[in-house]
Amino acid sequence: MWVQRPKFCFWLFIFITLLSCFTVMFIFISDTRITYDHPLTTTYMKTEMEKIIKHMTRLYELKDGEIQEIIEHFGPILNTIVKTLNITVPEDIESLMVAYKSAGMVSAPMSHFDLFTFLPHLWSHEDFLKPFILHSRGRNKVSIVFGVPTVRRQKQNYLIQTLISLVKNMNQTEQDDSLIVVMIAEVDLEYTRQLSEEIKNRLLDAVNSGLLEIIAPSPEYYPDLKNLPLTLGDSKDRVRWRSKQNLDFAFLMMYCQPKGSVYVQLEDDLVARPQYQTLMKQTALQRIADGQEWFILDFGGLGFIGKMIKSSDLPWLIQFIIMFYNDKPGDWLLDGLVQTKACHLKRSHKSCKTDKDIWVKHNESFFQHIGTWSSLAGKMQLLKATNFYNKSI
């Protein structure tokens with residue numbers, strides 16, 4: 001029967017406390033230069049150590065990793081005290097300690113790599129990966145999750161216009177089967193609070209129904225962005241901007257991944273065509289029904305707009321972005337991942353994607369970019385999707 005973690009923590013606390021006390025007492029008694037008979041002290045310590053051994057016997061039922069951790073940290077101290085006080089240790093505990101010692105000698109531990117390897121400031125701080133939930137009704141198990149990262153812009157903010165378009169161009173059935181997650185990617189908590197309130201006030205029905213969620217990252221999620229290596233010959237400001245943007249994308253994807261069947265990356269300065277949700281869902285379902293493989297369904301054309309990816313494939317993209325967040329812009333990394341997964345070095349990247357159907361571009365863009373001023377200070381972005389259904393936008 002496995003011991004539950006709260007119970008384990010309690011006994012571990014008792015063990016560490018008692019062991020610390022008796023270790024100090026033992027050292028004090030051993031070091032004194034005054035010779036006197038102390039049978040009472042020795043008997044007391046012996047009794048208490050036997051109690052600790054009993055606790056260790058109960059801990060024997062714990063998971064291997066937890067037992068190993070205890071033995072590695074406290075085994076040498078415990079052995080010294082046990083030998084000095086002549087305490088009998090149960091055979092199961094003694095054999096366990098010998099087994100772990102032997103195992104450590106014959107097999108070196110393998111290195112473990114994950115996102116903490118590439119964001120080392122998050123080691124032992126997993127709480128930094130938990131978002132501030134500014135508003136949520138807990139909606140999940142929808143067909144499509146739309147991720148909208150947003151940051152403060154110096155010239156003009158297009159977020160509210162974008163969200164109104166996304167909501168207005170869905171009917172009720174589409175709204176009930178979707179989730180729009182807005183991530184306010186700012187460390188200024190006052191600005192974040194104000195923008196969150198504005199979203200709630202302007203899109204009250206969408207917020208109350210659960211269609212629209214608002215989150216923000218912990219400020220500690222980001223590494224030191226002031227001293228990043230300069231890459232691609234870009235300026236320090238541009239490297240900082242695109243590196244943070246990549247980390248924003250990864251954070252938003254991690255939050256959205258368990259909430260729906262597919263994920264669609266959007267931006268905060270666009271408008272949508274009517275029934276975009278149904279058309280995207282039908283396209284994905286048809287390809288699945290036909291047994292056609294795909295990694296990206298592209299409904300946007302520009303940058304990272306309108307890129308659909310199965311939630312089961314998102315971990316590949318998240319890890320890839322985090323590995324190279326400082327090296328390239330996010331849309332370049334998406335292209336690089338697809339090339340790595342499917343393309344032969346002797347084939348052109350373009351023909352590879354076409355032949356493999358791994359990156360499928362829809363013949364019409366469902367989203368039009370409307371932003372003029374980029375989130376990068378001083379940069380103008382005038383690109384438009386040429387195949388958007390409404391040419392006047």
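Let me start with the secondary structure, which in this predicted model comes to 14 helices and ten strands. The protein has 393 residues, and 47% of them count as buried. If we take the contacts between residues at least 6 apart in sequence, 76% of them join residues at least 24 apart, and I would like you to keep that figure in mind when we come to particular pairs. As for the outside, the accessible surface comes to about 21600 Å², and carbon and sulfur atoms account for 56% of that.

Now let us go to the interior. In soluble globular proteins, nonpolar side chains tend to be buried together. In this model the largest nonpolar core has 46 residues, and the residues with the most contacts inside it are V181, Y221, M253, Y263 and L317. Several elements each supply at least two residues of this core, among them strand 2 (142-150), strand 3 (178-184), helix 12 (314-323) and helix 13 (330-342). Which helix gives the most to this core? That is helix 10, with nine residues.

To see what one of these core residues touches, take V181, and leave aside its neighbours within four places in sequence: V181 is then in contact with V145, F146, G147, V148, E213, I215, L252, Y255 and C256. Apart from this core lies another one, of 37 residues, including I160, M170, L195 and A284.

Let me stay with helix 10 for a moment, since N246 has its place there. Is N246 buried or exposed? N246 is buried, with a relative accessible area of 0%, and any value under 20% would have been enough for that word. Beyond its neighbours within four places in sequence, N246 is in contact with I321, F324, Y325, K328, P329, G330 and L333.

Next comes helix 6, residues 159-168, where seven of the ten residues are buried, so this helix is largely enclosed by the rest of the structure. The buried residues of helix 6 are L159, I160, T162, L163, S165, L166 and V167.

Helix 11 invites a small calculation. This helix covers residues 276-289, and at 1.5 Å a residue its 14 residues should span 20 Å; the C-alpha atoms at its two ends are 20 Å apart, which agrees with the expectation. Which residues of helix 11 are buried? They are Y276, Q277, M280, A284 and R287. Seen down the axis of helix 11, these buried residues fall within an arc of 110°, so they line one face of the helix. The background is simple: an α-helix has 3.6 residues a turn, so residues three or four places apart point the same way. Just after helix 11, G291 takes a positive phi of about 70°.

Y276 also brings us to the aromatic rings, of which the structure holds eight pairs. In one of them, Y276 and F367 meet edge-to-face, at 5.5 Å centre to centre and with 65° between the planes. This pair links distant parts of the chain, as Y276 is in helix 11 and F367 is in strand 10 (residues 367-369), 91 residues apart. Both Y276 and F367 are buried, and together with F146 they form one aromatic cluster.

Let me turn to the loops. K141, in the loop between strand 1 (132-135) and strand 2, has a positive phi of about 60° although it is not a glycine. K141 is exposed, with a relative accessible area of 77%. Q275 is another residue other than glycine with a positive phi, near 60°, and Q275 is found in the loop between strand 6 (270-272) and helix 11. With a relative accessible area of 44%, Q275 is partly exposed.

My last residue is H121, which is found in the loop between helix 5 and strand 1 and is partly exposed, with a relative accessible area of 26%. Which residues does H121 contact, once its neighbours within four places in sequence are left aside? They are E220, Y221, Y222 and P223. H121 and Y222 are 101 residues apart along the chain, while their C-alpha atoms are separated by 8.4 Å.

Technical notes:
Residues are numbered from 1 along each chain as its sequence is written. This is a predicted model: local features need pLDDT of at least 70, side-chain atom pairs count only at pLDDT 80 or more; totals for chains, interfaces and linings use all residues. Side-chain values use heavy atoms; hydrogens and water are left out. Helices (H or I, at least four residues) and strands (E, at least two) are DSSP runs, numbered from the N terminus. Buried means under 20% relative accessible area, exposed over 50%, partly exposed in between (1.4 Å probe, protein chains only). Contact means heavy atoms within 4.5 Å. Accessible areas come from the Shrake-Rupley method with a 1.4 Å probe; for residues, only the protein chains shown count as cover. A nonpolar core is a set of buried Ala, Val, Leu, Ile, Met, Phe, Trp, Tyr and Cys residues joined through side-chain atoms within 4.5 Å. The expected span of a helix is 1.5 Å times one less than its number of residues. The arc is that of the directions from the helix axis to the C-beta atoms. Rings of Phe, Tyr and Trp (its six-membered ring) pair if their centres lie within 6.5 Å; planes under 30 degrees apart count as stacked, over 60 as edge-to-face and the rest as tilted.
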